[in-house]
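Here are some worked exercises to try with the viewer open. Have a go at each task before you read its solution.

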Amino acid sequence: MAEQRSSLLKMYRLLIVTLFLPHEMTSSVLTVNGRAENYILDTQRGVQESLECAVQNHTRDEELLWYREDRRVDLKSGNKINTSSVCVSSINETDNGINFTCKLQRDQMVSVSVVLNVIFPPLLSGNNFQTVEESNDAKLVCNVKSNPQAQMLWYKDNRVLTLEKDHHQIYQASESFQLSITKVKKSDNGTYSCVANSSLKTETLDFHLVVKDKTVAVPIEPIIAACVVVFLTLGFGLLARRKRIMKLCMKERDPPRGTAL
């Protein structure tokens, strides 16, 4: 009797587990360009890349989704079921590092991502003409984009710049190469070149620095004070002369006095 109850209890538990199992388990696998794992796609500027996502091991038609970073890509109705392609055209340096992801619509945990690795030579830009007075500070900023990353150098008048302590400072960030000159001198006048050397190409951007004579500062406050003194002196002088002139005029207007005979 106890064995029958135990057997019935096991069957009951097996029935409950069966009822609560998902009716459909996701066994489908996605591939992008034949690869089932996330990967990096090396490419170049100006080319076009096609990414084809396909469902493997599917037992029914599956809808696919494409994302560029976090934004969903609009797909045509005939480009969604079981296979789906996106075309990335006119690739440029701004596409470097962009992530494309194909997902299974029914279970978006099933996905494959592709990151674009755009190879391009150095691109340089910056304000290449500056005028600064003696004893002031100057900063030359060379904006640089390159993949792979370029080796950077500063030249002055076609020679590698000799850095002077407490006079030259160089700062380098991922997309910026700066030269700061503290208290510029006449000898700092000249052409500075930002040179980017990569395995693809060497690029140069010239910066022209013109050092002017220091402007002699005009003492404004003493001049204003002197003007005030001169103005007051003239004012008091005119006032004194006005009183004398009025006295003379009054004397001339007085009739002569005498006794008539």
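**Exercise 1: a backbone oddity**

Asn57 is found in the loop between strand 3 and strand 4. Keep in mind that this is a predicted model.

Task: find what the phi of Asn57 is, and decide whether the residue is buried or exposed.

Solution. Start with the backbone rule: most residues other than glycine have a negative phi. Asn57 is not a glycine, yet its phi is positive, at about 60 degrees. Next, take the surface: Asn57 has 57% relative accessibility, and the cut-off for exposed is over 50%, so it counts as exposed.

Now run the same steps on Asp166. Its phi is near 65 degrees, again a positive value in a residue other than glycine. Asp166 lies in the loop between strand 12 (159-160) and strand 13 (168-173). With a relative accessible area of 63%, Asp166 is exposed too.

One last backbone item: which residues does a cis peptide bond join? Asn147 and Pro148, with omega about 10 degrees. Pro148 is in the loop between strand 10 (138-147) and strand 11.

**Exercise 2: put the sheet together**

Task: work out the order of the strands in the open sheet, and which strands are at its edges.

Solution. Take the pairings one at a time.

- Strand 1 and strand 3 (residues 49-56) run antiparallel and share 4 bridges. Leu30 has Val55 of strand 3 as its bridge partner, and Val32 stands opposite Cys53 in that strand.
- Strand 3 and strand 6 also pair in the antiparallel sense, over 6 bridges. Here Glu49 is matched with Val88 of strand 6.

Putting these together gives an open sheet of 3 strands in the order 1-3-6, with antiparallel pairing. Strand 1 (29-32) and strand 6 (83-88) pair on one side only, which makes them the edge strands. From one strand to the next, the twist averages 15 degrees.

**Exercise 3: inside the core**

Task: which residues of the largest nonpolar core touch the most other members, and which strand gives the most to this core?

Solution. The core has 23 residues, and Leu30, Val32, Leu51 and Trp66 touch the most other members. The elements giving two or more residues include strand 1, strand 2 (39-44), strand 4 (64-68) and strand 7 (99-104). Strand 8 gives the most, with 5 residues.

Zoom in on Leu30. Beyond its neighbours within four places in sequence, it contacts residues including Arg35, Cys53, Val55, Leu64, Cys102, Leu104 and Val112. Another core lies apart from this one: it has 20 residues, among them Val144, Val184, Leu205 and Leu209.

Then check Ser28, in the loop between helix 1 (2-20) and strand 1. At 9% relative accessibility, against a cut-off of under 20%, Ser28 counts as buried. Leaving aside neighbours within four places in sequence, its contacts include Val55, Asn57, His58, Glu62 and Arg106.

For contrast, try Asp74, in the loop between strand 5 (71-72) and strand 6. Its relative accessible area is 78%, so Asp74 is exposed. The C-alpha atoms of Asp74 and Val86 are 9.6 Å apart, and the two residues are 12 apart along the chain.

**Exercise 4: rings and charges**

Task: why does the pair of Trp154 and Phe177 count as stacked?

Solution. A pair of aromatic rings is described by the distance of the centres and the angle of the planes. For Trp154 and Phe177, the centres are 5.6 Å apart, which is within the 6.5 Å limit, so the rings pair. Their planes are at 10 degrees, under the 30 degrees cut-off, and therefore the pair is stacked.

Now place the pair in the chain. Trp154 belongs to strand 11 (residues 151-156) and Phe177 to strand 14 (residues 176-181), 23 residues apart, so the pair links distant parts of the chain. Trp154 is buried at 3% relative accessible area, and Phe177 is buried, also with 3%. Together with Phe207, these residues form one aromatic cluster; the structure holds 2 aromatic pairs.

Finish with the charges: which rings have one over them? Arg35 lies over the face of Tyr39, at 4.2 Å from the ring centre. Lys103 has its charged end over the ring of Tyr67, 4.8 Å from the centre.

Definitions and conventions: Residues numbered from 1 in each chain as written. Predicted model: local features only at pLDDT ≥ 70, side-chain atom pairs only at ≥ 80, totals over all residues. Heavy atoms only, no water. Pairing = 2+ DSSP bridges. Axes fitted to C-alpha atoms, helices over the stretch in contact; angles between N-to-C directions. Phe/Tyr/Trp six-rings, centres within 6.5 Å; stacked < 30°, edge-to-face > 60°. Buried < 20%, exposed > 50% of the residue type's maximum accessible area, 1.4 Å probe, protein only. Lys NZ or Arg CZ within 6 Å of the ring centre and 35° of its normal. Contact = heavy atoms within 4.5 Å. Core = buried A, V, L, I, M, F, W, Y, C linked by side-chain atoms within 4.5 Å.
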